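Here is a short briefing to read alongside the sequence and the 3D view. Take a moment to open both before going through the points below.

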Amino acid sequence: MFADGAPGAELLFVGEAPGADEDASGVPFVGRAGQLLNKIIAAMGMKREEVYICNVLKCRPPDNRTPLPGEAAECWPYLREQIAIIRPRLICALGSPAARTLLGTEEPIGRLRGAVHDFHGTPLVATYHPAYLLRNPPEKAKVWEDMKMVLRLLGRPVPAPGDRKGG
Ligand code: URA
């Protein structure tokens, strides 16, 4: 499973790995976590078609387990090329495996989020994975703080709370 979105996208979301729904459809983030990501994108005043979405792993790990470091390393050349071709203005890492792979760190996602990092000259914001938000809904507020930072960095308007649809 490769990617979804606009080749000229300003914003690139990088997730962890395809799940069962993504494996079946060949499209990233189409299951429950994907529905929530769609809501987050809509709350940002953006359309899914205008961003680019891919994953660290291109294949589903057995039993949906967390990618092993060796698996992330095997898939890294593909992700690196995707980023080089898309040349996004900003990268948003969804969850710990994406943030750790892109930043080459072992830091927990709770410490990586809330700040702007640098990926070879491209700003990178790490935030919680939508699947984590499904299990921990109160953490949505922190993700919205991170998405507001993303919008500011892109020079886009931050929709007022009343304008937000879901997320
Ligand atoms: N979770 C991910 O990290 N990626 C997907 O494509 C789906 C669920």
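The notes that follow cover the ligand, the pockets, the cavity and the salt bridges, in that order.

Please keep in mind that this is a predicted model. Around the ligand you will find eight residues to click through, from Gly15 to His129. Elsewhere there is a largest pocket of about 580 Å³, a largest cavity holding about 40 Å³ of space, and a count of 9 salt bridges.

**Ligand surroundings**

- The residues surrounding the ligand are Gly15, Glu16, Ala17, Glu22, Pro28, Phe29, Asn55 and His129.
- Phe29 takes part through its backbone, where an N or O atom lies 2.9 Å from an oxygen atom of the ligand.
- Asn55 uses its side chain, with an N or O atom 2.7 Å from a nitrogen atom of the ligand.
- His129 also offers a side-chain N or O atom, and this one is 2.7 Å from an oxygen atom of the ligand.

**Largest pocket**

- The largest pocket, with a volume of about 580 Å³, has a lining of 26 residues, and nearest its centre are Glu16, Ala17, Ala33, His129 and Ala131.
- Helix H1 (20–25), H2, helix H4 (96–103) and H6 each give two or more residues to this lining.
- Sorted by class, the lining of the largest pocket has 11 nonpolar, 9 polar and 6 charged residues.
- Glu16, Ala17 and His129 are worth a second look, since they are among the residues nearest the centre of this pocket and also among those that surround the ligand.

**Second largest pocket**

- The second largest pocket has a volume of about 250 Å³.
- Its lining is made of 13 residues, and those closest to the centre are Pro69, Ala72, Pro97, Arg100 and Thr101.
- Helix H3 (69–86) and H4 are the elements that give two or more residues to this lining.
- The lining of the second largest pocket divides by class into 7 nonpolar, 4 polar and 2 charged residues.

**Cavity**

- The model has 1 cavity of 30 Å³ or more, and the space in the largest cavity comes to about 40 Å³.
- Lining the largest cavity are Phe13, Leu37, Ile40, Leu94, Thr127, Tyr128, Pro130, Leu133, Val143 and Met147.
- At least two residues of this lining come from each of helix H2 (32–43), helix H6 (130–135) and H7.
- In the lining of the largest cavity, 9 residues are nonpolar, 1 is polar and none is charged.

**Salt bridges**

- As a general reminder, side chains of opposite charge can pair when their charged atoms come close.
- Arg65 and Glu71 meet through their side chains, with N and O 2.8 Å apart; Arg65 is partly exposed at 30% relative accessibility, and Glu71 is partly exposed at 22%.
- Glu139 pairs with Lys142, and their closest N and O atoms are 3.1 Å apart; Glu139 is buried at 15%, whereas Lys142 is partly exposed at 32%.
- Lys148 and Glu145 form a salt bridge with their closest N and O atoms 3.2 Å apart.
- Lys148 and Glu145 sit 3 residues apart in helix H7 (residues 140–154), so about one helical turn separates them.
- Lys148 is buried at 19% relative accessibility, whereas Glu145 is partly exposed at 42%.
- Finally, a network of salt bridges links Glu10, Glu50, Arg89 and Arg156.

Key: Residues are numbered from 1 along each chain as its sequence is written. This is a predicted model: local features need pLDDT of at least 70, side-chain atom pairs count only at pLDDT 80 or more; totals for chains, interfaces and linings use all residues. Side-chain values use heavy atoms; hydrogens and water are left out. A salt bridge is a side-chain nitrogen of Lys or Arg within 4 Å of a carboxyl oxygen of Asp or Glu. Buried means under 20% relative accessible area, exposed over 50%, partly exposed in between (1.4 Å probe, protein chains only). Helices (H or I, at least four residues) and strands (E, at least two) are DSSP runs, numbered from the N terminus. On a 1 Å grid over the protein atoms alone, a cavity is a set of points where a 1.4 Å probe fits but cannot get out, and a pocket is an open set with protein on both sides within 12 Å along at least five of seven lines; lining residues have an atom within 4 Å of a point. Grid points are joined across faces, edges and corners, and a volume is the space filled by probe spheres set on the points. Ala, Val, Leu, Ile, Met, Phe, Trp, Tyr, Cys and Pro count as nonpolar, Asp, Glu, Lys and Arg as charged, and the others, Gly among them, as polar. A residue is near a molecule or strand if one of its heavy atoms lies within 4 Å of it. A polar contact is a pair of N or O atoms within 3.5 Å; within protein, one must be able to donate a hydrogen and the other to accept it, and residues adjacent in sequence count only if both atoms are side-chain atoms.
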